[in-house]
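Q: Hey, I've just opened this one and don't know my way around it yet. Can you walk me through it?

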Amino acid sequence: TAASSRPVVGIYPTVGPLADYYTTYSSWLDQAGASSFVTPARMEAEQLEAVFRSMDAFLIPGGGDPFGSSVDAMVDRAVAANLAGDFFPVWGTCLGFEWLL
């Protein structure tokens with residue numbers, strides 16, 4: 001996970017190019033003491049691993065775009081980290097939550 005005094009949350013882009021709600025999520029996270037960034041929607045293995053290591057949590061918002069293999073791989077890494085005792089929360093909102101189920 002990220003080495004920072006503030007937790008870093010990666011936000012998966014589920015809707016078009018940086019929709020307004022990414023700014024809202026980022027603001028909410030900032031108010032709660034976390035920093036955030038929007039992850040790339042599609043990543044190859046090496047980039048995905050680097051992005052995963054740069055964050056402490058993963059947020060999957062709702063939206064209209066289908067989820068791809070990058071979000072699958074990110075959640076798989078989060079599950080593996082948690083099983084290994086490295087707390088790594090994943091939050092899904094609306095369709096993001098449905099996808100996690």
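A: Sure. Along the sequence, the chain follows the pattern β-α-β-α-β-α-β-α. Helices (H or I, at least four residues) and strands (E, at least two) are DSSP runs, numbered from the N terminus.

Q: How many helices and strands does that come to?
A: Four helices and four strands. Before we go on: this is a predicted model, where local features need pLDDT of at least 70 and side-chain atom pairs count only at pLDDT 80 or more, while totals for chains, interfaces and linings use all residues. Residues are numbered from 1 along each chain as its sequence is written, and side-chain values use heavy atoms, with hydrogens and water left out.

Q: OK, what's the mean pLDDT of the chain?
A: The mean is 87, and 89% of the residues reach 70 or more. pLDDT is the predictor's confidence in each residue, from 0 to 100.

Q: Which element has the lowest mean pLDDT, and which the highest?
A: Helix α4 (residues 95–100) is the lowest at 85, and β1 is the highest at 96.

Q: Now the sheet. What order do the strands come in?
A: The order is β2-β1-β3-β4, in an open sheet with parallel pairing. Two strands pair if DSSP finds at least two bridges between them.

Q: Which strands stand at the edges, and why is one side of each left without a neighbour?
A: Those are β2 (35–38) and β4 (90–92); each has a single partner strand, so one side of each has no neighbour in the sheet. Direction ignored, neighbouring strands are turned by 20° against each other on average. The angles are taken between axes, which are lines fitted to C-alpha atoms (for helices over the stretch in contact), and they run from 0 to 180 degrees between N-to-C directions.

Q: How many bridges join β1 to β3?
A: Three, and the two strands run parallel. One bridge partner there is F58 in β3, matched with G10. On β1's pairing with β2, there are four bridges, also in the parallel sense, and V8 has S35 as its bridge partner in β2.

Q: And what about β3 and β4?
A: β3 (residues 57–60) pairs with β4 in the parallel sense over three bridges. L59 has W91 as its bridge partner in β4.

Q: Back to β1: which way do its residues point?
A: V8 and G10 point one way, V9 and I11 the other, and all are buried. Buried means under 20% relative accessible area, exposed over 50%, and partly exposed in between (1.4 Å probe, protein chains only). Across the chain, buried residues make up 37% of the 101 residues.

Q: Which strands does α1 lie across?
A: Helix α1 (residues 20–31) lies across β1 (8–11), β2 and β3, and runs at about 165° to β1.

Q: How many aromatic pairs are there?
A: Three. The rule is that rings of Phe, Tyr and Trp (its six-membered ring) pair if their centres lie within 6.5 Å; planes under 30 degrees apart count as stacked, over 60 as edge-to-face and the rest as tilted. One of the pairs is Y25 with W28, which is edge-to-face at 5.7 Å centre to centre, with 85° between the planes. Both sit in helix α1, three residues apart, so about one helical turn separates them.

Q: Are those two buried or exposed?
A: Y25 counts as buried, at 13% relative accessibility, whereas W28 is exposed at 53%.

Q: How many residues are in the largest nonpolar core?
A: 17, and those with the most contacts inside it are F52, M55, F58, I60, V71, M74 and F88. A nonpolar core is a set of buried Ala, Val, Leu, Ile, Met, Phe, Trp, Tyr and Cys residues joined through side-chain atoms within 4.5 Å. The elements giving two or more residues to this core are α2 (45–53), β3 and α3 (69–83), and α3 gives the most, with six. Apart from this core lies another, of eight residues, including I11, Y22, L29 and A57.

Q: New topic: where is T39?
A: T39 is in the loop between β2 and α2, and is buried, with a relative accessible area of 2%. Leaving aside neighbours within four places in sequence, T39 is in contact (heavy atoms within 4.5 Å) with G10, I11, Y12, P13, V51, M55 and F58.

Q: Last one: what's phi of C94?
A: Near 55°, a positive value in a residue other than glycine. Most residues other than glycine have a negative phi. C94 is in the loop between β4 and α4, and is exposed at 58% relative accessible area.
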